[in-house]
Amino acid sequence: MIEIKNEEERVILAGVDSGNGQGIEESLGELSLLARTAGAVPIETLIQRREAAHPVTYLGSGKLSELSLLAEETEATGVICDDELSPAQLKNLEQALGVKVMDRTMVILDIFAARASTSEGKLQVELAQLRYRAARLTGFGGALSRLGGGIGTRGPGEKKLEVDRRRIHERISVLKAELSRVERHRQVTRRRRERNHRPVAAIVGYTNAGKSTLLNALTGAGVLSEDKLFATLDPTTRELSLPDGESILLTDTVGFIRKLPHHLVEAFKSTLEEAKYADFILHVVDASSPSMELQMHTVYETLKELDAMGKPVITLFNKADRFPSLPTLRDFAADETLLISAKTGQGLSELKGLLVKKLTEQKVYLERLYPYSEAGKLQLIRTYGQLLSEDYKEEGIAVEAYVPPELFGRL
């Protein structure tokens, strides 16, 4: 019996430290996790310190020679660079090294492709991949049989390049149309929530911060939660019942990451915009991570890009169970902060109480005497507001309540 094994990819990680305070060691550590998640085994790391990546070969000539020797000595099958490479950099590196060359974007796209399970997720990933490939379809590779520019190079190769480019752009148009239909459906769902005065909290955070674990702990959603980067891609919305009898919708979103590829932000914009239209943002932070501050900065920068700032933010410092003594943690960009453990349940009852408080702050106080002919309005208050008291008198029902501002006029 013949056993067929998948060949193990042994890769060298390469990065450029431009001294901008981004932390190249932490970034390459994260790249190592990305590589392992994608199924590769990092065997060596190479760092070059220079003002900026070389525009032609990413690394300088000295480091490029060192990398070539390292790849030969370790029998590496590939090299992964910590930044997105231009088509010229990618081609020149492969020619100089003689092994497969990938960049950070390519690895993230590969992980997304493997993790996408819903039809929307698959459409978004395919769109991101095609946009990435379209920018790199230069036609100088052997697969497209083109020799280069100038006289004597026109012919079948050029036609093959044009066909491939046209097919990619046609497919991109089809995918954008399909995702546009999905986005319209999402907008209808949002409008329905607004008509029903359902408050929504978007759970955002760095990848592997514990967002899905939190959603499962609060609502029993049953969403896949693993100690991996990008364990879940597809947004999940579940209802959370609060202690005062009200409820709020919690929406889990895809995790953020440093150097999140622009193609992914564009493709997943309809998914990520759940944060833009939410009433609150629950920012989940991995408090045990040594790169916590940088991860928080990345999340806020991505929210700014999505135009999702300017609403109440509750920062949840997760994984408190990993601390022998509770540290003092701060987030000056948040309205409230709380130390929790989604795994053990620590701090979740305090979180529910905090959500009740924030919902009440957004409501308008109502004190009114309703005639018995308008008793049906009490049901509206019970459903969408917070009924503090009701006193049945001879002339009608005296009510004290907190109600959503958009419902106040009807009541």
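Biologist: Which hand does the crossing of H1 and H4 have?
Modeller: Keep in mind that we are looking at a predicted model. H1 spans residues 24-38 and H4 spans residues 104-115. The crossing of these two helices is left-handed.

Biologist: Are H1 and H4 roughly parallel, roughly perpendicular or oblique to each other?
Modeller: The two helices pack with their axes 9 Å apart, at an angle of about 40°. Angles under 35 degrees count as roughly parallel, and roughly perpendicular covers 65 to 115. The angle here falls in neither range, so H1 and H4 are oblique.

Biologist: Which residues of H4 make the contact with H1, and how many residues in that contact are nonpolar?
Modeller: H1 brings Ser27, Glu30, Leu31, Leu34, Ala35, Thr37 and Ala38 to the contact. From H4 come Arg104, Val107, Ile108, Asp110, Ile111 and Arg115. By class, 2 residues are polar and 4 are charged, while the number of nonpolar residues is 7.

Biologist: Let's move on to Lys358. Is Lys358 buried or exposed?
Modeller: You will find Lys358 in helix H11, residues 348-361. Leaving aside residues up to four places away in sequence, Lys358 touches Phe280, Pro312, Ile314, Asp335 and Glu336. Its relative accessible area is 7%, and under 20% is the cut-off, so Lys358 is buried.

Biologist: In which loop is Tyr58, and is Tyr58 buried or exposed?
Modeller: Tyr58 is worth a look, as its phi is positive, about 70°, although Tyr58 is not a glycine. The loop that holds Tyr58 runs between strand E2 (40-49) and helix H2 (61-74). With a relative accessibility of 1%, Tyr58 counts as buried.

Biologist: What is the relative accessible area of Lys319?
Modeller: Lys319 sits in the loop between strand E9 (313-318) and strand E10 (336-339). Its phi is positive, near 70°, in a residue other than glycine. Lys319 is buried, and its relative accessible area is 10%.

Biologist: Now for the whole chain: what share of its residues is buried?
Modeller: The protein chain contains 13 helices and 13 strands. It exposes about 20,400 Å², of which carbon and sulfur atoms supply 49%. Among its 411 residues, the buried share is 49%.

Biologist: And among contacts between residues at least 6 apart in sequence, what share joins residues at least 24 apart?
Modeller: A contact here means heavy atoms within 4.5 Å. Taking the contacts in the protein chain between residues at least 6 apart in sequence, the share that joins residues at least 24 apart is 65%.

Terms used
Residues numbered from 1 in each chain as written. Predicted model: local features only at pLDDT ≥ 70, side-chain atom pairs only at ≥ 80, totals over all residues. Heavy atoms only, no water. Axes fitted to C-alpha atoms, helices over the stretch in contact; angles between N-to-C directions. Helix = DSSP H or I, 4+ residues; strand = E, 2+ residues; numbered from the N terminus. Parallel < 35°, antiparallel > 145°, perpendicular 65-115°, else oblique. Left-handed = near helix turned anticlockwise from the far one by under 90°. Nonpolar A, V, L, I, M, F, W, Y, C, P; charged D, E, K, R; others polar. Buried < 20%, exposed > 50% of the residue type's maximum accessible area, 1.4 Å probe, protein only. Areas by Shrake-Rupley, 256 points an atom, 1.4 Å probe, with all protein chains shown as cover.
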